[in-house]
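Please open the model in your viewer and keep the selection panel at hand. The tour below goes from one selection to the next and says what is found at each stop.

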Amino acid sequence: MNKVYDVAIVGAGAAGLFTAVHCAKRGKSVILYDKNKYPGRKLRITGKGRCNICNYSDNDNILKNIVHNEKFMYSSLNNYSANDLIKFFNDNGVKTKVERGNRVFPQSDDAMEIIELFKKLIKDLNIEFKNESTVKDLEKKEDLFKIISNSGVDYAKNLVIACGGMSYKVTGSNGDGYKLAQKFGHSIKPIKASLVAMNTSLSKEDRLELMGLSLRNVEVKVINKKKKIIFNEFGEMLFTHFGISGPIILSASSYMKDDEDYTIYLDLKPALNEEQLDNKLLILFEEEHLKSIGKILENLLPKKLINIFLKNIDLDYYKKACDITKLERTAIINNLKHFNLKYDSLRDIDEAIITAGGVNVKEIDPKTMESKLVNKLYIVGEVLDIDALTGGYNLQIAFSTAYQAAMSIE
Ligand SMILES: Cc1cc2nc3c(=O)[nH]c(=O)nc-3n(C[C@H](O)[C@H](O)[C@H](O)COP(=O)(O)OP(=O)(O)OC[C@H]3O[C@@H](n4cnc5c(N)ncnc54)[C@H](O)[C@@H]3O)c2cc1C
């Protein structure tokens with residue numbers, strides 16, 4: 001029989017690499033598989049190529065930014081916090097910096113520095129990296145795992161599934177991890193795109209007119225069909241050729257389901273209440289009473305938005321301020337405070353930054369990342385049913401769960 005490794009790890013993304021490094025540091029023999037030629041294919045595109053490694057904040061804040069199953073993360077964050085992660089990179093020669101929102105990046109602004117570090121560690125720690133090796137099947141016979149990949153059959157005492165989610169499939173994370181976990185009896189919570197842009201039902205003409213418009217300091221409110229507000233936050237958004245995107249829209253998507261109807265309202269003037277807006281309009285109407293309402297609204301809105309804004313309330317762009325009725329003024333105010341973004345659907349999972357859903361965490365011991373169903377099987381990273389908002393939290397989940405497993409493997 002071939003050599004028996006202490007640990008076999010499927011997937012050389014953030015979670016798989018971190019598990020491999022920490023197992024090898026503990027003297028374990030490690031074999032690490034990835035479909036790609038090089039490790040960390042997705043890591044390379046994180047943070048727009050700069051890699052937002054983590055968020056320089058305490059565990060309470062990190063937990064607040066985890067959307068699903070944050071309680072599961074208590075133990076692994078306690079064992080491996082953002083401080084530990086920053087120290088790991090600094091000790092290994094990657095200088096880091098903290099930017100807006102406590103986002104931590106390599107000082108070089110280059111995700112490749114992280115990849116190069118992992119490549120070096122793979123070499124220095126004698127981790128056997130099987131590149132271009134897709135793991136097709138896994139079995140457990142007696143006390144050994146059998147790993148069947150397109151480069152042969154290997155055996156290991158411990159097995160780690162670190163295959164990632166299903167978004168950006170070109171990076172290799174195409175959902176294999178779910179099937180491999182299912183082989184051992186694990187259940188999979190429904191998979192859904194998260195941190196993803198949205199399609200709107202506006203006409204193509206209107207979408208193109210709005211395309212490129214970016215709005216700051218707006219308030220987005222998402223209401224479900226039971227009229228419950230499921231998301232309400234301030235921030236920045238962007239109109240695109242298909243609909244809407246930008247930080248606040250991506251965050252909202254984390255709270256939405258694939259197959260449900262939602263109404264998304266935008267408060268275009270969150271700093272002013274209805275009464276203040278009415279007073280403002282009255283003053284503008286008095287000062288510029290012969291001007292068209294379209295022109296007057298330039299005092300309150302970006303030009304690109306005005307046509308569609310007026311179309312929404314059936315008001316003629318050229319109607320003079322002095323001819324606007326009280327009813328029409330009320331409609332303007334209502335539209336400023338509750339501008340309907342005409343939500344249609346979430347964009348495809350392939351465009352999502354993260355996959356929500358995944359291996360049911362009830363079947364995993366949060367203190368060790370070991371499967372409760374199969375001894376010595378560990379599951380880490382995005383393949384688990386845990387997801388967080390943007391800001392470095394998702395990589396923190398991958399690294400902390402990886403560390404937790406690496407320290408528990410006997
Ligand atoms: C565009 C983009 C930007 C992002 N930016 C950030 C950011 O700045 N900060 C942040 O915190 N998070 C970011 N994320 C999220 C973050 O990248 C992921 O949460 C993280 O990479 C998950 O790590 P993972 O190791 O679990 O999975 P992955 O990184 O997806 O790695 C899984 C690996 O498993 C391999 N694999 C899968 N199946 C098999 C198989 N059958 N055989 C062999 N190998 C297999 C894949 O090839 C892949 O390399 C971003 C995501 C995207 C898409």
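How far apart do the C-alpha centres of domain 1 and domain 2 lie? In this predicted model, the two centres are 41 Å apart. To see the two parts, colour residues 4–192 together with 353–408 as domain 1, and residues 197–347 as domain 2.

**The interface between the domains**

Next, select the residues through which the two domains touch: six residues of domain 1 and nine residues of domain 2 take part in the contact. Between them, domain 1 and domain 2 bury about 580 Å², and 55% of this area comes from carbon and sulfur atoms. On the domain 1 side, show Val67, Lys192 and Leu389 as sticks, since these three residues supply 71% of the area that domain 1 buries against domain 2, more than any other three residues do.

As for polar interactions at this interface, a search for salt bridges across it finds zero, whereas two residue pairs are in polar contact between domain 1 and domain 2. If you switch to a cartoon view, strand 4 (66–68) and strand 11 (188–194) can be picked out, each of which supplies at least two residues of the side of domain 1 that touches domain 2. By residue class, that side of domain 1 is made up of four nonpolar residues, one polar residue and one charged residue.

**Thr401 in helix 13**

Now select helix 13, which covers residues 393–408, and find Thr401 within it. Is Thr401 buried or exposed? Its relative accessible area is 0%, so Thr401 counts as buried. Displaying its surroundings, and setting aside neighbours within four places in sequence, you will find Thr401 in contact with Met73, Ser76, Met369, Val380, Gly381 and Leu384.

**A selection of salt bridges**

The structure holds 21 salt bridges, and the following stops visit some of them.

Begin with Glu116 and Lys119, whose closest N and O atoms are 3.5 Å apart in a salt bridge. Why are these two residues separated by about one helical turn? Glu116 and Lys119 are three residues apart in helix 5 (residues 111–124), and therefore about one turn of the helix lies between them. Both partners are partly exposed: Glu116 has a relative accessible area of 39%, while Lys119 has a relative accessibility of 27%.

Move on to Lys130 and Asp154, where the side chains form a salt bridge with an N to O distance of 3.4 Å. Lys130 belongs to strand 7 (residues 128–130) and Asp154 to strand 10 (residues 152–161), so this pair ties together parts of the chain that are 24 residues apart in sequence. Lys130 and Asp154 are both buried.

Then select Lys291 and Glu288, which are joined by a salt bridge in which the closest N and O atoms are 2.6 Å apart. Here the partners fall into separate accessibility classes, for Lys291 is partly exposed at 38% relative accessible area, but Glu288, at 18%, lies under the 20% cut-off and so counts as buried.

For the last stop, display Arg50, Lys97, Glu99 and Asp109 together, which are joined into one network by salt bridges that share partners.

How values were computed:
Residues are numbered from 1 along each chain as its sequence is written. This is a predicted model: local features need pLDDT of at least 70, side-chain atom pairs count only at pLDDT 80 or more; totals for chains, interfaces and linings use all residues. Side-chain values use heavy atoms; hydrogens and water are left out. Domain bounds come from an automatic or database domain assignment. Contact means heavy atoms within 4.5 Å. Buried area is the accessible area (1.4 Å probe) that two parts lose on being put together, summed over both. A salt bridge is a side-chain nitrogen of Lys or Arg within 4 Å of a carboxyl oxygen of Asp or Glu. A polar contact is a pair of N or O atoms within 3.5 Å; within protein, one must be able to donate a hydrogen and the other to accept it, and residues adjacent in sequence count only if both atoms are side-chain atoms. Helices (H or I, at least four residues) and strands (E, at least two) are DSSP runs, numbered from the N terminus. Ala, Val, Leu, Ile, Met, Phe, Trp, Tyr, Cys and Pro count as nonpolar, Asp, Glu, Lys and Arg as charged, and the others, Gly among them, as polar. Buried means under 20% relative accessible area, exposed over 50%, partly exposed in between (1.4 Å probe, protein chains only).
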